[in-house]
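Here is a small set of exercises to work through at your own pace. Try each task on the structure before you read the solution.

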Amino acid sequence: MTINESQDEVIAEFDDFTDWMDKYQMLIDLGNDLEPLDARYKTEQNLIDGCQSRVWLQADYKDGHIYFSADSDALITKGIIALLISVLSGHTPKEIAGADLYFIDRIGLKEHLSPTRSNGLLSMVKQIRMYAIAFEAKEGGC
């Protein structure tokens with residue numbers, strides 16, 4: 001499944017709900033469904049700067065694709081990172097770095113988050129893109 005197909009699927013899932021309380025619950029459910037992050041990855045190095053809550057992001061590069069795992073100490077935030085991972089994990093660095101993440105605006109996520117959570121979302125996206133750029137540069141240097 002392409003990144004855009006994943007985004008379209010997320011948009012369709014969120015369109016099923018008209019009430020933002022239901023959408024928040026969906027985010028919480030996504031976070032609860034996220035595989036626990038191995039304790040060895042809960043390090044300062046994996047903490048995302050700019051998030052009010054603690055969010056750890058681990059990126060593993062296998063066979064030309066990046067696989068993300070993450071955790072957070074806040075329910076909504078954990079759901080947000082789970083959502084990003086569901087769309088971006090398993091793709092190539094080039095696909096991730098160049099992705100237009102239109103689903104964030106289309107589902108109304110930014111406008112329904114507090115300013116600090118919205119900044120945290122941007123920080124998560126930035127960190128994911130930084131991993132992609134770093135792995136793409138490494139790939140090009142082989």
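The exercises below move from the whole chain to single residues of this predicted model.

**Exercise 1. Overall build**

Task: Find how many helices and strands the chain has, and judge its compactness from the radius of gyration.

Solution:
- Start with the elements: there are 6 helices and 2 strands.
- Next, read them in sequence order, which gives α-α-β-β-α-α-α-α.
- Now compare the radius of gyration, 15 Å, with the 14 Å from the globule rule for 142 residues; the two are close, so the chain is as compact as a globular protein of that length.
- For the outline, take the principal axes: the C-alpha atoms fill a box of roughly 50 × 30 × 25 Å.

**Exercise 2. Burial, contacts and charge**

Task: Work out what share of the residues is buried and what share of the contacts links residues 24 or more positions apart.

Solution:
- Burial comes to 46% of the 142 residues.
- For the contacts, count those with a separation of 6 or more; 64% of them join residues 24 or more positions apart.
- Turn to the surface: the chain exposes about 7700 Å², and 49% of that is supplied by carbon and sulfur atoms.
- Finish with the charges, where 13 positive side chains stand beside 24 negative ones, and the centres of the two sets are 7 Å apart.

**Exercise 3. Helix lengths**

Task: Check the end-to-end distances of helix 2, helix 3 and helix 6 against the rise of 1.5 Å a residue.

Solution:
- Helix 2 covers residues 20-33, and its 14 residues should span 20 Å; the end C-alpha atoms are 20 Å apart, so the check agrees.
- Helix 3 covers residues 75-88 and also has 14 residues, with 20 Å expected and 20 Å found between its end C-alpha atoms.
- Helix 6, with 26 residues, reaches 37 Å from first to last C-alpha, close to the expected 38 Å.

**Exercise 4. What the helices bury**

Task: Say whether helix 3 is mostly covered or mostly open, then list what covers the buried residues of helix 2 and helix 6.

Solution:
- In helix 3, 12 of the 14 residues are buried, which leaves the helix mostly covered.
- Among them are Ile 76, Lys 78, Ile 80, Leu 83 and Val 87.
- Just past the end of helix 3, Gly 90 adopts a positive phi of about 90°.
- The buried residues of helix 2 include Trp 20, Tyr 24, Met 26 and Leu 27, and their cover includes helix 1 and helix 3.
- Helix 6 buries residues including Ser 118, Met 124, Tyr 131 and Phe 135.
- The cover over the buried residues of helix 6 includes strand 1, strand 2, helix 3, helix 4 and helix 5.

**Exercise 5. Two leucines**

Task: Explain why Leu 84 and Leu 121 count as buried, and find what they are in contact with.

Solution:
- Locate them: Leu 84 lies in helix 3 and Leu 121 in helix 6.
- Apply the cut-off, under 20% relative accessible area for a buried residue.
- Leu 84 is at 2%, so it counts as buried; Leu 121, at 1%, is buried as well.
- Measure between them along the chain and through space: 37 residues in sequence, and 9.2 Å from C-alpha to C-alpha.
- Beyond four places in sequence, the contacts of Leu 84 include Phe 103, Leu 121 and Ile 128.
- With the same exclusion, Leu 121 is in contact with Ile 80, Leu 84, Ile 104, Leu 109, Lys 110 and Leu 113.

**Exercise 6. Three more residues**

Task: Classify Thr 77, Ile 133 and Asp 63 as buried, partly exposed or exposed.

Solution:
- Thr 77, in helix 3, has a relative accessible area of 5%, so it is buried.
- Beyond four places in sequence, Thr 77 is in contact with Ser 53, Val 55, Ser 72, Arg 117 and Met 124.
- Ile 133, in helix 6, is partly exposed at 44%.
- Asp 63 sits in the loop between strand 1 and strand 2 and is exposed, at 75%.
- Look also at the backbone of Asp 63: its phi is near 50°, a positive value in a residue other than glycine.

How values were computed
Residues are numbered from 1 along each chain as its sequence is written. This is a predicted model: local features need pLDDT of at least 70, side-chain atom pairs count only at pLDDT 80 or more; totals for chains, interfaces and linings use all residues. Side-chain values use heavy atoms; hydrogens and water are left out. Helices (H or I, at least four residues) and strands (E, at least two) are DSSP runs, numbered from the N terminus. The radius of gyration is taken over C-alpha atoms; the globule rule is 2.2 Å times the number of residues to the power 0.38. Buried means under 20% relative accessible area, exposed over 50%, partly exposed in between (1.4 Å probe, protein chains only). Contact means heavy atoms within 4.5 Å. Accessible areas come from the Shrake-Rupley method with a 1.4 Å probe; for residues, only the protein chains shown count as cover. Lys and Arg count as positive and Asp and Glu as negative; His and the chain ends are not counted. The place of a charge is taken as NZ of Lys, CZ of Arg, CG of Asp or CD of Glu. The expected span of a helix is 1.5 Å times one less than its number of residues.
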